[in-house]
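Reader: Could you walk me through this structure? I am new to it and would like to ask about its parts as we go.

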Amino acid sequence: MTSRDARPAFAAFVLAVVLASGPAAGAAPPARALVAVAETATGPGIHLLADGAFPDVDVRRAPGGGSLEILLRGVKPQVAVRTYPASAPLARIRLRPTADDLRVVLEARPGTDISDWRVESIDRGLLLAPPTSPTWARRSLAPSLAAAPTASESPSSRQPVSGRSSRPVASAQPARPAREVRATTVAEAAAPATRAPEPARSMPTHPVGSPTPGADDPAPGTPSLAADTRGGGQPLEPAPVSQAVAQAPAPASQAVAQALAPVSETPAPDADAQTAAPPPVARDVPASPPEVTRTLDPVVAEAVAPAELPEDPSAFTTVIEVDDYRGERKTIEDLLSTVPGVQVRRLGGRGQPSEVSIRGSTSSQVVIQLDGVRLNSAQSGGVDLSTLPIDALERVEVSRGGGSLQAGGDAIGGVINLVTRRAGGKPTTRVTAEGESFGTFSGSIFRSGTLHAFEYAAGYNGFITDGDWDFLRPVIEFAGTEITFDPPTIERINNDVERHGALVKVGRDIGDHVYLSFTNDFAYVDRGTPGLDSGGGEFGGQRTDAREERLRNLATLGADWGGVFGFDGRLQVYHRYERTQFEDPFPNLGPPIDTDNRNSAFGTEFSAHRPFDFWGTQHDVLLLLDARQDRLESDEFIDTDRVAFGVAIQDDIAFWERRVRIIPGLRFDRTEGFDSEWIPRVGVVFEPWRWLRFKGNAERSYRPPNFDELFFPDKGFIRGNPGLQPEVANNYDAGVELGFDRLGPFRNVRLEAAWFRNDIEDSIVFVLVSPFTVAPVNTGAATVEGYEAQLSFGLTDWARLTASFTEFDATRDATGTPLPGRADRQGDLRLELGRPEGFWKLVGEVHHVGEIPVSPTGRSVVADRTTYDASLAFRLSHIRWVRERLRLRDLIVSVGGTNLTDQAVRDAAFFPQPGRLLFIRAEAGF
């Protein structure tokens, strides 16, 4: 596994897989949909319209009938929804477009079951409706979108869409009244539609999704984040459907009205007529009261509203969709470092250890989860981000601020949840291959599909690098004086890395309400550890023979269910095993080192929630239970273990049409060897308009010391401290979110800004306890206070800009000295050119990191820096010859570079990072 001779063969194998991928159906241009929204009194339903067939439809039904999720693979994220009628049992429609998929989530009102809704493919579209609703047929939406049906077109041509019978999805939030129903998309109105003459009143001209003008609503035309299933606007007078359609103005609104009209089982005699009245209503539809048809403007879904973690809507949360960065060379560290409030500390180049900080926290104060299961070990407390490959992930959820109520101890800074790619659906294969500077190659392959009753997903990723590059020695500022080293430039040695990972997921439905799943994630790393470059001589004090091997395996058995006494829930039982072997035959100080540490954790997590109404308020009660046993076996430590468990309850209380939400919660937590902890929290959300949201949180969090801090053996220069007490913190934050469809010349504007403060009691820091020994001690109180902001908007339909900025002050209260290892400011700017899913994409990025204190006194710092990255990607599958010859669904080839100005970069005083790095990358799907 460590031979360098295998690297060329490994790289050749991965590239060959990309270019010689197995045969598949020829790729077609992504489907797109122009949307019209309408309501009728003849029956509920959802109709997705497209100008091309949906190539892959995946249906997921939540147990209990609370939600229905439709995954449209290969659909260009320009989709519209039409709903029938105002009485539809839906509380919310959410559209989540990504680079090449679209998720449509239907959420039912409390007490409503939509599990039996049928999903049928129809001409150029998809129909979602109850089994007893009347039949709907596809008519012409617009001449440029689709031709009108012919006399041979009939409802019998519709075929059921194969999919999953009861696949659980994430727990939805409580339903919002019809006026406040949300679609997490930005609706952009096309030309306003007018209404037929009296008796019906004229159609409102403000965009779809805008609230009706009133005392507490914005004026017509004000941009909005919401799309109301009732269609919004003024109430309409009852009118026969023939009158409403026949009198609809031409040309655009007329075509839309015809497309939305219900028809009987027999096609209309003259389907091509653009002004003909619709045929008689089907036999199962009552003729009285008269049918009401409401026609609204066409809209195009272009973006996603600010993301929320379902279980904590008041938290400041960022959701990163990994596929949004297709055609770019990105690692998990790269994605996290652009999130406001988040800093990543890299201790070397690609494949070397890296750790994360949220709002000035240490890495041990951040909980990292894989599909909701904790990855942090009890020995070191943190997680090495370099061992987490990105190709197996679907998205990354970053919740900033104390998260101990949901995650238990260690979540003083926040929680990061890594969500792996889903199993099931139509068989799909994704392959990537990449070559970089410094002898670096990586590749992955991932396949998902359904076999009989089982859903599966499996993937492999590999990474190899020589990691040898020249670097400048550090220039350390100490008390205003610069300290330099001689020679000024040396080579990074013993820096090679070999990493392998694998993911397997299997699941199936058990009955109508239970879904069982098994997930296993495996990671192996073998790497040289050159250590510090703080010495003199030819190698600058680097270790020439030190090596580390690390193996991690996480196995999880889960069960999701719904409808049990009105509760939807999840139970997970997991086992995590981690082994770290380190040897250094020639250390700079002391005898040879040869250690073998084995960490394991066995635990279970249970969650259940239930929405209900009480005294005019809406509630969503969440119950959490978790327990685990951590164990450390070592040839240098005394073997030790401890048990931790906790129970928590939280309620999401909403009133005033969900404009105001209060989220109180309380957790009881106990870690063996320490006192019990009560962890309260309260969150508040105030949403006066759909485009403006205020929110804030006050919560308590804590972190018990890890095994290294407690029991590290006395080496003469470092030792543990069994007398440590847990760190306890009070966390506060408040902020605002705004969203506009358009703001002057800008579109899809999103702004989030927040203030935060963390008051940490008994913070744990390694300090000198003797002239030659460091040990962890409780140093007393520390305060972190700062601001974070993120802004994104589109300049045109082919230019998008994102900017984020964080600034804070982290100090010890007793001395006023800064906490080391944290930059006082950080800013990121990203400009993306090219249409979504277009033939090309050009990306430029600027990253600024302020000065980093590297000593307890703050007198020694690493200077601030600014680096520049760029990439250019081509989607070759748009070329017909390439698409037909290689028979691929997708093929993207990209080139680019990071740190283009070749800056000397360090996050720690004596851990250099590489300079300019160039890459070439290929991604294929079939």
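Author: What follows is a conversation about a predicted model, taken one region at a time.

Reader: Let's begin with the five-stranded open sheet, in what order do its strands lie?

Author: The order across this open sheet is β14-β19-β20-β17-β18, and the pairing in it is mixed. The edge strands, which pair on one side only, are β14, covering 316–321, and β18, covering 373–374.

Reader: And how many bridges join β14 to β19?

Author: There are six bridges between β14 and β19, and the two strands run antiparallel. As an example of how they line up, Ile320 stands opposite Val396 in β19.

Reader: What about β19 and β20, in which sense do they pair?

Author: Strand β19, made of residues 393–400, pairs with strand β20, made of residues 414–420, in the antiparallel sense and over seven bridges. Arg400 has Gly414 of β20 as its bridge partner, while Arg395 stands opposite Val419 in β20.

Reader: Is β19 enclosed or open to the outside?

Author: Strand β19 is largely enclosed by the rest of the structure, because eight of its eight residues are buried.

Reader: What actually holds strands together in a sheet like this?

Author: As a general matter, the strands of a sheet pair through backbone hydrogen bonds, and they can do so either in parallel or in antiparallel fashion.

Reader: Okay, changing topic: which strand does β33 pair with over 15 bridges?

Author: That partner is strand β34, residues 640–655, and the pairing with β33 is antiparallel. The two strands form a hairpin with five residues between them, and one of the facing pairs is Leu622 with Gln650 in β34.

Reader: Then where does β34 go next, I mean which strand does it pair with over 10 bridges?

Author: Strand β34 also pairs with strand β35, residues 660–671, again in the antiparallel sense. In this pairing Phe655 stands opposite Val660 in β35.

Reader: What's in the turn of that second hairpin, and which residue there takes a positive phi near 55°?

Author: The hairpin of β34 and β35 has four residues between its strands, and Trp656 takes that positive phi. Glu657 is also found in the loop between β34 and β35, and although Glu657 is not a glycine, its phi is positive at about 55°.

Reader: How covered is Glu657, buried or partly exposed?

Author: Glu657 has a relative accessible area of 32%, so it is partly exposed.

Reader: Which residue in the loop between β49 and β50 should I look at?

Author: Asn899 is placed in that loop, which lies between β49 (890–898) and β50 (905–908). Asn899 has a positive phi of about 50° although it is not a glycine, and with a relative accessibility of 6% it counts as buried.

Reader: Back to Trp656, which nonpolar surface patch does it help to make?

Author: Trp656 belongs to a nonpolar surface patch of about 560 Å², which is made by Phe655, Trp656, Ile662, Val682, Val684, Phe686 and Phe694. The largest share of the patch, three residues, comes from strand β36, residues 677–689. Phe686 lies in strand β36, and with a relative accessible area of 32% Phe686 is partly exposed.

Reader: Now for a charged residue: where is Asp630, and is it buried or exposed?

Author: Asp630 has its place in strand β33, residues 617–634, and because its relative accessibility is 4%, under the 20% cut-off, it counts as buried.

Reader: What's around Asp630, leaving aside its neighbours within four places in sequence?

Author: With those neighbours set aside, Asp630 is in contact with Ala378, Arg576, Ser600, Ala601, Thr640, Asp641, Arg642 and Phe707. Ser600 is 30 residues from Asp630 along the chain, yet their C-alpha atoms are separated by 5.9 Å. The side chains of Asp630 and Arg628 are joined by a polar contact of 3.1 Å.

Reader: One last residue, Asp521: which strand is it in?

Author: Asp521 is found in strand β29, residues 514–528, and at 12% relative accessibility Asp521 counts as buried.

Reader: And what does Asp521 touch?

Author: Not counting residues up to four places away in sequence, Asp521 touches Leu370, Ala502, Leu503, Arg552, Asn553 and Leu554. With Arg552 there is also a polar contact of 3.3 Å between the side chains.

Conventions:
Residues are numbered from 1 along each chain as its sequence is written. This is a predicted model: local features need pLDDT of at least 70, side-chain atom pairs count only at pLDDT 80 or more; totals for chains, interfaces and linings use all residues. Side-chain values use heavy atoms; hydrogens and water are left out. Two strands pair if DSSP finds at least two bridges between them. Patches are made of residues with over 30% relative accessible area and no salt bridge: like charges are joined within 9 Å, nonpolar side chains (Val, Leu, Ile, Met, Phe, Trp, Tyr) within 5 Å. Accessible areas come from the Shrake-Rupley method with a 1.4 Å probe; for residues, only the protein chains shown count as cover. A salt bridge is a side-chain nitrogen of Lys or Arg within 4 Å of a carboxyl oxygen of Asp or Glu. Buried means under 20% relative accessible area, exposed over 50%, partly exposed in between (1.4 Å probe, protein chains only). Contact means heavy atoms within 4.5 Å. A polar contact is a pair of N or O atoms within 3.5 Å; within protein, one must be able to donate a hydrogen and the other to accept it, and residues adjacent in sequence count only if both atoms are side-chain atoms.
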